[in-house]
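Notebook open, pencil sharpened. Today I am looking up how the strands and helices of this chain fit together, and which side chains meet.

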Amino acid sequence: MMNVFPPAPLIRLSLQALDEYINRLPRTMVVVLNEWGEINRCNPVFLRETGYAASALVMCYVGIIFESKSFQQLEHYGVFGKGHSSASTEPPPQVFLIKADGEKLSVTVQSLYAETEEGGRNLLFLYEQEPAHYPNLLERLGETMLTDADTGVILIRPDSRVMDISPLACQVLGVPKPFVMNEPLIRFFANARSEYELIRRTLENGAPVRNHPITWIHAEVRTELLMDVGLLRSPTGGMEGAFVIFKDVTNLRSLEEQVQRSDRLAMIGQIAAGAAHEIRNPLTAIRGFLQMFRKTMAIKGMDKEAGYTEIMLSELDRINNLVGEFLLLSKPKNVVFDYVEVDAVMNEIMPIVASEALLHNVAVSWEPEHTLPQVMADREMLKQVFLNICKNGIEAMTTGGTLTVKGHSELEGAERRLIIEVHDTGPGIPINMLDKIFDPFVTTKASGTGLGLSVCQRILHEFGGSIRAVSKEKGALFMIILPF
């Protein structure tokens, strides 16, 4: 007697929620069909168990994955029908799923119909016809690593295709998990060919890789990684594939760079403290005599010679300012901590910034939140930081442009942060200089001293804050971060 199945429970959910739901099922294969019976998406478990790549199945009719007789049985039971399911007191018959390598996999199928913002979707849940298997400790360790958000793991088949991947590794590669499964690994290492060659050599000759440093840039986000590569062997010693483990050491590298930068600043500070006053003494004498010469030349009508003295005096002032920046690096002025209204500080300096921008044919846009929080800092030193960063952005736009300054607050874990973003539309910062831009004497400007950003970083560290530089497609972005 033929079973008659009632309509499937109707649920309504977004495609994003649907993806999250099917991707979290640890041991259930799921295939999602559109209203025409075409495969719309598959979860990672299905891709792992069958060996298909998602790109090979999307928009294909569902019959491609079932043995013909099994497919006819499922059609008879109404499994693929809109709004119908195999939910009943008696499950559908045992059917066969055709894997990518042609092998058959015995499964039962249940369905669930859902309405989404892009129309109806039929969810097929595929269960293997095998006795329940409870993973041992080693298997549970492997599953934990592959679901751990803080561990980057890629499992690779002998043919260099991705067998499985963890969330962190997906984040590094910049692609969702279903679009990585069973795809060639080289597709995601197009900009890291040397690292791919290391992985390929491990598959070929078994040579492991340990703590190989990688600088990975995706969507303008820079991540510092250490990579391990090794073989996966069967109990008999045969090679079944390889594993790649990523360790995110971005924070550690950043800390090392800060320590090195602090050492360099300390060394410069020691030199500056010992030499600055000795330099300023003769400068004062030279400047005084030049002012006398300029006055005498003006009286005698020696305008040309008086002009030379003006040039000499301006250059002496430039030397004096440089010495002043040295002294600030070596021994900043006494910091007066108080609650500072950042809104008020920005409103005070924006007219100065706008005046400077006008001289360089630059438009200025200040876009704060409704109310920015107070921060604990020195008001005048904070002004110096904002003015310096804005001035740098304006001077970078030699042919005009737009300087956009934004302010907002955010909560990251238990940490509350105020972020001021200064974005110019100049030539940007070369990638090879991003790590060094805050080092003393490193500058992208022909006439710059390379000390301004070092001074800004030193000041912000006093307040428990930081500054970051990002090279954009159009210009550079500086992010000033302060706790509140």
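**Entry 1: a word I need before I start.** I count two strands as paired if DSSP finds at least two bridges between them. I also remind myself that this is a predicted model.

**Entry 2: a mixed sheet.** I looked up which strands line up side by side. I found an open sheet of five strands, and I read its order as β13-β15-β16-β18-β17, with mixed pairing. Which strands sit at the edges? They are β13 (362–368) and β17 (466–471), and each of them pairs on one side only. I then checked the turn between neighbouring strands of this sheet, which is 20° on average, direction ignored.

**Entry 3: a helix on that sheet.** Helix α11 (residues 379–396) packs on the sheet, and I noted that it touches β13, β15, β16, β17 and β18 (476–483). Its direction makes about 170° with that of β18.

**Entry 4: one strand pair up close.** I picked β15 (residues 401–412) and β16 (residues 415–423), which run antiparallel and are joined by nine bridges. Following one residue across, I saw that S409 stands opposite L418 in β16.

**Entry 5: the antiparallel sheet.** My next find was an open sheet of five strands in the order β8-β7-β11-β10-β9, with antiparallel pairing. Why is one side of β8 (162–165) and of β9 left without a neighbour in the sheet? Both stand at the edges with a single partner strand each, so nothing in the sheet flanks their other side. From one strand to the next, the twist averages 25°.

**Entry 6: inside that sheet.** I looked at β10 (residues 221–233) and β11 (residues 239–248), which pair in the antiparallel sense over nine bridges. For L232, I looked up the bridge partner in β11 and found G241. Helix α7 lies across β7 (152–156), β9, β10 and β11, and runs at about 10° to β10.

**Entry 7: rings that meet.** How many aromatic pairs does the structure hold? I got six. One of them is F189 with W216, an edge-to-face pair at 5.3 Å centre to centre, with 75° between the planes. F189 lies in the loop between α6 (167–173) and α7 (193–205), while W216 is in strand β9 (residues 209–218), so this pair ties together parts that are 27 residues apart in sequence.

**Entry 8: charges that meet.** Side chains of opposite charge can pair when their charged atoms come close. My search of the whole structure turned up 19 salt bridges. Among them I chose R294 and E310, whose side chains meet at 2.9 Å, N to O. R294 is in helix α8 and E310 in helix α9 (residues 303–330), 16 residues apart, and the pair links distant parts of the chain.

**Entry 9: a look at the surface.** Last stop for today: F289, M292 and F293 make a nonpolar surface patch of about 340 Å². I traced M292 to helix α8 (residues 250–299).

Key. Residues are numbered from 1 along each chain as its sequence is written. This is a predicted model: local features need pLDDT of at least 70, side-chain atom pairs count only at pLDDT 80 or more; totals for chains, interfaces and linings use all residues. Side-chain values use heavy atoms; hydrogens and water are left out. Helices (H or I, at least four residues) and strands (E, at least two) are DSSP runs, numbered from the N terminus. Axes are lines fitted to C-alpha atoms, for helices over the stretch in contact, and angles run from 0 to 180 degrees between N-to-C directions. Contact means heavy atoms within 4.5 Å. Patches are made of residues with over 30% relative accessible area and no salt bridge: like charges are joined within 9 Å, nonpolar side chains (Val, Leu, Ile, Met, Phe, Trp, Tyr) within 5 Å. Accessible areas come from the Shrake-Rupley method with a 1.4 Å probe; for residues, only the protein chains shown count as cover. A salt bridge is a side-chain nitrogen of Lys or Arg within 4 Å of a carboxyl oxygen of Asp or Glu. Rings of Phe, Tyr and Trp (its six-membered ring) pair if their centres lie within 6.5 Å; planes under 30 degrees apart count as stacked, over 60 as edge-to-face and the rest as tilted.
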